[in-house]
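Here's a quick briefing to read alongside the model. Have the viewer open while you go through it.

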Amino acid sequence: MISMIGRIGRTTLNGVYALLRVCVLMVDTLNWILVAPLRGRGLRVRSTIEHFVEFGVNSLPIVALICFLMGAIMAMQASYQLERFGATRYIANLVGVAAMRELAPLMTAILLTGRSGSAITAEIGTMRVAEEIDALEVMGLNPTKFLVAPKFLAMILAIPCLTILAMFIMMLGGFALSTVVLHVDPKVYFDQTAGALVMKDLVTGVIKSFFFAVVICWVGVYRGFQVEGGAEGVGKQTTSSVVTSIFLIILVDMAFTILFYFV
Amino acid sequence: MTMNDANDYVIEVRDLVVRYGDRTVLDGINLKVKRGETFVILGGSGCGKSTLLRNLVGLMRPHSGRIFINGRDFTAMSERERIEVRKRMGMCFQGSALFNSMTVGDNVALPLREHTKLEESTIEIMTKIKLELVGLSGFDHYMPAELSGGMRKRAGLARAMAMDPEIIFYDEPSAGLDPIVAAGLDSLIRKMQNTFNLTSVVVTHEMASVGLIGDRVCMLKGGRIIGMGTMDELRASDHPFIQQFFERRPEPEGAENADYLRSITGGD
């Protein structure tokens with residue numbers, strides 16, 4: 001009994017410490033992004049652009065393909081029910097709203113977790129194992145400034161951009177399938193979509209995607225710095241990074257969905 | 001501490017205690033490193049010598065005790081002051097710790113690019129000079145993965161030397177190298193020493209290197225210093241462990257395991 005209470009206590013404490021470390025990392029990163037450049041201590045612009053290209057531009061093909069297919073799948077699934085009521089034109093509303101508010105931000109975030117979140121963890125983890133992080137510190141170079149800040153900035157810029165593109169590509173997928181396979185009139189589909197969407201759908205989707213980006217980057221970085229041991233540690237933390245990240249994305253998604261429902 | 005003292009001793013460690021959780025890894029270390037000498041920290045595996053080095057360069061904060069670098073308390077400095085001190089330090093890591101995503105040349109140039117406002121052309125020339133110094137001229141466009149272990153360590157040394165440091169730390173410079181390459185590295189360390197009048201601190205367990213590069217040696221065992229002095233003084237010591245270490249006698253079967261078990265459990 002006592003040992004169980006002890007275990008619960010230790011687990012809680014470890015959780016609190018982890019949270020504290022994440023907070024310290026957050027404050028440090030924000031400091032290097034927002035405060036330090038103003039004081040002339042430099043933001044690594046080049047590295048940020050390189051990471052933006054890697055996270056954003058290079059992810060675009062896969063994000064586009066998957067979102068296009070998701071849009072088509074959604075249209076197909078929706079027609080299965082709507083056809084019975086002769087309401088196939090409402091596929092446009094469903095695909096449009098679902099893509100904007102939910103699926104485009106979520107799919108982009110999950111894809112980026114797998115593609116870039118894991119890469120961040122693996123990169124930082126490998127650098128830890130190879131003492132490269134220590135080397136940075138001994139040289140008087142701050143690892144947060146050097147490694148974390150550019151990735152973070154690139155991520156919070158890249159994901160909202162990708163998400164907006166993903167929204168439209170997803171609707172394009174729905175449009176393509178509806179008009180080609182389900183013979184919905186293109187003009188009707190377009191009008192339905194335009195009528196269904198409001199600015200709030202776009203804004204809420206983009207706000208969500210911004211917080212997804214924060215989650216992906218911070219989980220990736222945090223897990224990377226936690227790597228211990230050798231190659232095995234890198235693998236373990238990378239897996240854990242992806243799982244934690246997807247879990248937190250869903251939690252954040254939930255929270256914002258509730259929030260936007262009432263606001 | 002008077003100015004005179006600070007000039008004589010580059011590094012001074014006072015009553016350093018380091019703990020991992022409940023386990024005491026370093027227990028009351030006191031040592032002084034004179035300006036311009038090569039100081040060797042010697043000891044068996046797991047004696048805390050790497051931990052001592054990590055404390056000296058500030059990668060770890062000690063549990064208690066102080067470390068003075070050039071007479072200033074390194075342990076009590078703010079992060080900014082530490083960066084200033086670190087610009088005057090170089091470190092060669094055991095596995096070289098070159099940044100794998102950059103070319104060898106960029107690795108060496110990195111501290112210069114980050115800490116100085118030199119022209120890119122000047123940095124390029126300085127990088128070439130540093131690489132030449134360690135016998136790697138012409139390798140600036142290679143990636144670290146394309147170099148052999150010994151070459152990587154040399155490149156690591158070139159990077160450590162980039163800012164013309166006063167103090168240079170070596171973590172197991174000859175680990176994982178064949179005797180010929182290791183000897184080459186030893187003579188390189190000696191050469192650096194003579195050419196630039198550096199203060200060097202070398203952590204090693206390689207007896208062959210010690211006599212060649214070390215001016216003074218301290219021997220660590222179980223987190224304490226059990227002997228300090230020149231190589232000859234240490235050889236003349238009657239401490240049983242030092243004798244055993246110098247003669248490469250193994251621990252009696254069993255005793256080693258019990259020791260090891262005690263060292264990882266922390267129990268007595």
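Below are notes on confidence, a long helix, the core and the chain contact.

This is a predicted model, where local features need pLDDT of at least 70, side-chain atom pairs count only at pLDDT 80 or more, and totals for chains, interfaces and linings use all residues. Residues are numbered from 1 along each chain as its sequence is written, with chains lettered from A and ligands numbered from 1 in the order in which they are written.

**Confidence**
- The predictor puts the complex at an ipTM of 0.83 and a pTM of 0.85.
- Chain B comes out at an average pLDDT (the predictor's confidence in each residue, from 0 to 100) of 85, and 93% of its residues score at least 70.

**Helix α6 of chain A**
- α6(A), residues 143-180, is a helix (a DSSP run of H or I, at least four residues) that spans 53 Å from first C-alpha to last, close to the 56 Å expected at 1.5 Å a residue; that expectation is 1.5 Å times one less than the number of residues.
- Of its 38 residues, 27 are buried (20 or more other C-beta atoms within 10 Å of their own, C-beta atoms being placed from the backbone), so α6(A) is largely enclosed by the rest of the structure.

**Core**
- The largest nonpolar core (buried Ala, Val, Leu, Ile, Met, Phe, Trp, Tyr and Cys joined through C-beta atoms within 7 Å) has 120 residues, and Met170(A) and Phe169(B) touch the most other members.
- α6(A) supplies the largest share of this core, 17 residues.

**Chain contact**
- Chain B puts 14 residues into the contact and chain A puts in 10 residues, with contact meaning C-beta atoms, placed from the backbone, within 7 Å.
- On the side of chain B that touches chain A, α4(B) gives the most, with three residues.

Conventions
Two residues are in contact if their C-beta atoms, placed from the backbone, lie within 7 Å. Helices (H or I, at least four residues) and strands (E, at least two) are DSSP runs, numbered from the N terminus. A residue is buried if 20 or more other C-beta atoms lie within 10 Å of its own, exposed if 12 or fewer, and partly exposed in between; C-beta atoms are placed from the backbone.
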